[in-house]
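Got your viewer ready? Load the model shown here and follow along, one selection at a time.

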Amino acid sequence: VCSSDLRLVPDTRDLLGARMLLTMTPEDGEAMKESGGMTPEMAQAAIKKAMEDSPKFKSTYNEIPVFTIAQMRMQKQPSEGEEGEPITLLPMYFSMQNMVGTWQEFMKQAPTDVQGVEPAINLMSLKDLVEMMQKESEIDWRHVVLVPPAPVGADSETSASTATVADPMAQMGGATLGDE
């Protein structure tokens, strides 16, 4: 199979989320905090900036964003009958919405002294991740879990029917912009 035989198509919301992560500045974040959240004008400006200025994730296929939060880990217990310590795993998500939802659940269960921690979101392309896995590294890639996108249910806070100004990506319909 040559590389042109397959097309991986990311969710358009994840492409936009990746572009926004790449183009937002610390000043943008401070402006959002000062105004108490993202205003409609800020949302439009951020989307315009993401669409025009993003250095990556400009293609509607084969540029798959992978998201992770540096502070978030999972514990894998030894299988029944096995000895040993639990293994700490780093989840990496194909869906930014799923990652944020998991982070929010994670923070609800966290001790009160860490509940206000801002997540350190990291982003890379799936291609870059695979290339890194094939090279010598200090990272033990056996302890990374790739989390596939899970459909967002109709009763979820991030469904399109309850989209808010704070989450302009939730207003976007359709999952992909792939060739028909």
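**Start at an aromatic pair**

Select Phe106 first: at 32% relative accessibility, Phe106 is partly exposed (buried is under 20% relative accessible area, exposed over 50%, partly exposed in between, with a 1.4 Å probe and protein chains only). Now add Trp103, which is buried at 8%. Their rings form a tilted aromatic pair, 5.4 Å centre to centre with 35 degrees between the planes. For pairing, ring centres of Phe, Tyr and Trp (its six-membered ring) must lie within 6.5 Å; planes under 30 degrees apart are stacked, over 60 edge-to-face, the rest tilted. The two residues sit about one helical turn from each other because they are 3 residues apart in helix 4 (helices are DSSP H or I runs of at least four residues, strands E runs of at least two, numbered from the N terminus).

A word on the model: it is predicted, so local features need pLDDT of at least 70 and side-chain atom pairs 80 or more, while totals for chains, interfaces and linings use all residues. Residues are numbered from 1 along each chain as its sequence is written, and side-chain values use heavy atoms, without hydrogens and water.

Next, select Phe67, Ile69, Met72, Tyr93, Met99 and Trp103: these have the most contacts inside the largest nonpolar core, which has 13 residues (buried Ala, Val, Leu, Ile, Met, Phe, Trp, Tyr and Cys joined through side-chain atoms within 4.5 Å). Helix 4 gives the largest share of this core, 4 residues.

Last stop: Arg7 lies over the face of Tyr61, 3.9 Å from the ring centre (the rule: NZ of Lys or CZ of Arg within 6 Å of the centre and within 35 degrees of the ring normal).
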